Amino acid sequence: MKRRNLLKVIVLGDSGVGKTSLMNQYVYNKFSQQYKATIGADFVTKELQMDDKLVTLQIWDTAGQERFQSLGSAFYRGADCCVLVYDVNVQKTFESLQNWREEFLKQADPGEHEACPFVLLGNKIDTDGGSSRVVPQKKALEWCAYRGNIPYFETSAKEDYNIDEAFLCVAKIALKNE
Ligand code: GDP
Ligand code: MG
C-alpha cells in the first residue's frame, strides 16, 4: 500500500466521553453499555472510498491513560487529524477541550501551512431525550468559531447518529494535511 493512502487519526477527550464507543460503532457497528477503560489494540483501521481514492483511516484510541494526560509521543507522531470529543451532558468534559487541543498542538507539532487539523464531536446527545444536556450547541459552535472554524458534529455512539458524517469530514481534513 502506498504511504499516501494511510491517514493517521487520533481521538482525544476526557475519560468516559465515548471515544472508544464512537470508534467501535464506526468501525465494527457495535455498541456496549459496559464501561471498558481499555481496548487491546493501539489503533483500528477503516477503509474509505473518497471520490476516486481509496484511503485507510488508522484511528488511534487511548487505553485509559488520558486520565493522566500521558499519552506518549508515539500516539501523536504523524497524526493527520485530531478528533476532539466531549460529552454534551458533562460540563467539565467541554472545559477540558482547550487542554486537549493545546496538548495536540504541542505534541504533534503540525506544520504552519497545514489546515486546521481538528474536528469536534459533542457525543451522547441521545441521553434522556436531550434533557440532561448541559452544554448548548451554541457554546460548542462558538468554541469552534474562535479556533479557526473547527467543524462540529453532534453524535451518539449508542444510536449510531452522525458518526459516518463526522468521520468523512475527518478523512477529508486528514487527506489535506497528510
Ligand atoms: P472513553 O473513555 O472516552 O473511551 O468512553 P467509552 O467509549 O468507554 O464510553 C464510556 C461510557 O459511556 C460507556 O458506558 C458507554 O457505553 C457510554 N457511551 C458512549 N457513547 C455513548 C452515547 O453516545 N450515548 C450514551 N447514552 N452512552 C454512551
Ligand atoms: Mg476509551
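## Strand β5 and the surroundings of ligand 1

From strand β5, F118, L120 and G122 point one way while V119, L121 and N123 point the other way, and all of them are buried. In a regular strand the side chains alternate between the two faces of the sheet. The model described here is a predicted one, and in it β5, which spans residues 118–123, is mostly covered, with six of its six residues buried.

On one hand, β5 pairs with strand β4 (residues 81–87) in the parallel sense over six bridges, and V119 of β5 is the bridge partner of V83. On the other hand, β5 also pairs in the parallel sense with strand β6 (residues 152–154), here over three bridges, with E154 of β6 serving as the bridge partner of G122. Together with helix α5 (residues 137–146), the strands β5 and β6 make a right-handed β-α-β unit.

Turning to the ligand, 21 residues surround ligand 1, and the closest of these are G16, S21, S32, D126 and A157. By character, this shell divides into four nonpolar, ten polar and seven charged residues, and helix α1 (residues 19–28) gives the most to it, with three residues. Polar contacts to oxygen atoms of ligand 1 include the following.

| Residue | Protein atom | Distance to an oxygen atom of ligand 1 |
|---|---|---|
| G16 | backbone N or O | 2.8 Å |
| V17 | backbone N or O | 3.4 Å |
| K19 | side-chain N or O | 2.8 Å |

Taken alone, ligand 1 exposes 580 Å², of which the protein buries 91%.

Conventions
Residues are numbered from 1 along each chain as its sequence is written. Chains are lettered from A and ligands numbered from 1 in the order in which they are written. This is a predicted model: local features need pLDDT of at least 70, side-chain atom pairs count only at pLDDT 80 or more; totals for chains, interfaces and linings use all residues. Side-chain values use heavy atoms; hydrogens and water are left out. A residue is near a molecule or strand if one of its heavy atoms lies within 4 Å of it. A polar contact is a pair of N or O atoms within 3.5 Å; within protein, one must be able to donate a hydrogen and the other to accept it, and residues adjacent in sequence count only if both atoms are side-chain atoms. Accessible areas come from the Shrake-Rupley method with a 1.4 Å probe; for residues, only the protein chains shown count as cover. Helices (H or I, at least four residues) and strands (E, at least two) are DSSP runs, numbered from the N terminus. Ala, Val, Leu, Ile, Met, Phe, Trp, Tyr, Cys and Pro count as nonpolar, Asp, Glu, Lys and Arg as charged, and the others, Gly among them, as polar. Buried means under 20% relative accessible area, exposed over 50%, partly exposed in between (1.4 Å probe, protein chains only). Two strands pair if DSSP finds at least two bridges between them. A crossover is right-handed if, with the strands pointing away from the viewer, the path from the first strand over the helix to the second runs clockwise.
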